[in-house]
Amino acid sequence: MDLGTMTAQLERLRSDALDAVATAADPAALDAAQLAFLGRKGAITELLRGIGRLPAEDRPRMGAVGNEVREAVEAAVSERSRDLRGAALIARLAAEAVDVTTPGRRIARGTRHPIAETIAAIDEVFGRFGFVVYEGPEVEDDVTNFQMLNIPADHPARDLWDTLYVDIPDHLLRTHTSPGQIRVMRETRPPIRALLPGRCFRYEAVDASHGFEFFQVEGLMVDEGTSLADLKGLLEEFGHALFGVGRATRFRPGYYPFTEPSVAFDVGCVVCDGSGCPACGRTGWMTILGAGMVHPVVLRNGGIDPERYQGFAFGMGVERIAMLRHGVHDLRLFMENDLRFLEQFR
Ligand code: DAH
């Protein structure tokens, strides 16, 4: 090959190389272009190997041109590399950019569970009368859950409470909040005004009005001269506070081993207002709790002298009250944590 041909070829390679470098779209393409022209087997490198076969007097000139082309392509590569890095940085910044003018997204706010809300409403009403909230354990002993409440082991009244027992001998999941009465009487002196909200458990088949776990709120008042009239007045206030001031209320005779006399407390049906409908079994009344004067045996079991002190107690199912307050027909809804249900209680 002579000087003229080699120079012409070199110039063509220079312009091809500069083209390839200028159009390399990313660092990998640029590396490939650099290798293709300047690498050990690159086109420019290979061509310049032919310098040795030129006549001796042409070699310095060709060498100088070769170096100049090599440097020009190298310079183009490093400039293109800088541009590509700059473009990548700009793209990344654009992708990461925060538009501070975008309106905020609304954060989903939780709501108070209707059972907790109902317990709070009950606490509030009795709080006005000086009742203070206490809590007893969910795992109780048989003695406190039954025997101290005047329900001996072989007493048929045990059939009222289908019990879930635990692995600890003589212990069970409390079937009602009433054992809290014994605990409060033993821990405090009269006058006592205690409210005992809590979870209870029974071995029940679950349906729309029965759960195997549910909440109760128990009340206990013990003082000198406490009477059934006090209980009646207090529960009337409670019925009016929760279900409206005009709501009719009544006491009916009832039976519980731990109270004597025992009563059921009814309010006028919240669906039909007393005229009779399927919701109240056409009676016009709905029972919302059990109550009575604390049995002297129970007072004595609590360490209180029944000759000097009298007391009344009451116990209500929270789910039932929440159902009546909110027109809910199936108490299973309270335990299912379905947001479509819970979000209605904002
Ligand atoms: N412990 C009763 C139950 O679970 C409810 C009850 C009735 C509580 C009468 C009382 C009461 O304190 O006096 O069915």
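A salt bridge here is a side-chain nitrogen of Lys or Arg within 4 Å of a carboxyl oxygen of Asp or Glu. The model on screen is predicted, so local features need pLDDT of at least 70 and side-chain atom pairs count only at pLDDT 80 or more, while totals for chains, interfaces and linings use all residues. Residues are numbered from 1 along each chain as its sequence is written, and side-chain values use heavy atoms, with hydrogens and water left out.

**Stop 1: Arg-92 and Glu-96**

Select Arg-92 and Glu-96. They form a salt bridge whose closest N and O atoms are 3.4 Å apart. Both residues belong to helix H4 (residues 59-96) and are four residues apart, about one turn of the helix. Helices (H or I, at least four residues) and strands (E, at least two) are DSSP runs numbered from the N terminus. Arg-92 is partly exposed, with a relative accessible area of 49%. The classes used on this tour are buried (under 20% relative accessible area), exposed (over 50%) and partly exposed (in between), with a 1.4 Å probe and protein chains only.

**Stop 2: the two domains**

Colour the chain by domain. Domain 1 covers 3-95 and domain 2 covers 114-345; such bounds come from an automatic or database domain assignment. The centres of the two domains, taken over C-alpha atoms, are separated by 92 Å.

Next select Ile-107, in the loop between H4 and helix H5 (114-127). Is Ile-107 buried or exposed? With a relative accessible area of 72%, Ile-107 is exposed. Add Gln-310 and draw a distance: the C-alpha atoms of Ile-107 and Gln-310 are 53 Å apart, with their positions 203 residues apart along the chain.

**Stop 3: the ligand**

Select the ligand and the residues near it (a residue is near if one of its heavy atoms lies within 4 Å). Which of the 16 residues around the ligand come nearest? They are His-176, Ser-178, Arg-202, Gln-216 and Glu-218.

Now show polar contacts, that is, pairs of N or O atoms within 3.5 Å; within protein, one atom must be able to donate a hydrogen and the other to accept it, and residues adjacent in sequence count only if both atoms are side-chain atoms.

- Glu-218: a polar side-chain atom lies 2.6 Å from an oxygen atom of the ligand.
- Arg-202: a side-chain N or O atom is 2.9 Å from an oxygen atom of the ligand.
- Phe-314: here a polar backbone atom is 3.4 Å from an oxygen atom of the ligand.

Taken alone, the ligand exposes 360 Å², and the protein buries 92% of that. Accessible areas come from the Shrake-Rupley method with a 1.4 Å probe; for residues, only the protein chains shown count as cover.

**Stop 4: strands E6 to E9**

Select strand E7 (residues 259-268), where eight of the ten residues are buried. Two strands pair if DSSP finds at least two bridges between them. Strand E6 (residues 249-254) pairs with E7 in the antiparallel sense over six bridges, and a hairpin of four residues joins E6 to E7. To find one bridge, label Gly-254 and its partner in E7, Ser-262.

Step across to strand E8 (residues 285-294), which runs antiparallel to E7 and is joined to E7 by eight bridges. Thr-259 stands opposite Val-294 in E8. E8 is also mostly covered, with eight of its ten residues buried. Continue to E9: E8 and E9 pair antiparallel over four bridges, and Met-293 has Phe-312 in E9 as its bridge partner.

**Stop 5: further salt bridges**

A search of the whole structure finds 17 salt bridges. Stay on the strands and select Arg-252 and Asp-266, whose side chains meet in a salt bridge at 2.8 Å, N to O. The pair links distant parts of the chain, with Arg-252 in strand E6 and Asp-266 in strand E7, 14 residues apart. Arg-252 is partly exposed at a relative accessible area of 31%, whereas Asp-266 is buried at 1%. Elsewhere, Glu-11, Arg-14 and Glu-68 are joined into one network by salt bridges that share partners.

Finish with Arg-308 and Glu-224, which form a salt bridge at 3.5 Å, N to O. This pair also links distant parts of the chain, 84 residues apart: Arg-308 is in the loop between helix H9 (296-301) and strand E9 (310-317), and Glu-224 is in the loop between strand E5 (213-223) and helix H8 (228-243). Arg-308 is partly exposed, with a relative accessible area of 45%, and Glu-224 is partly exposed, with 48%.
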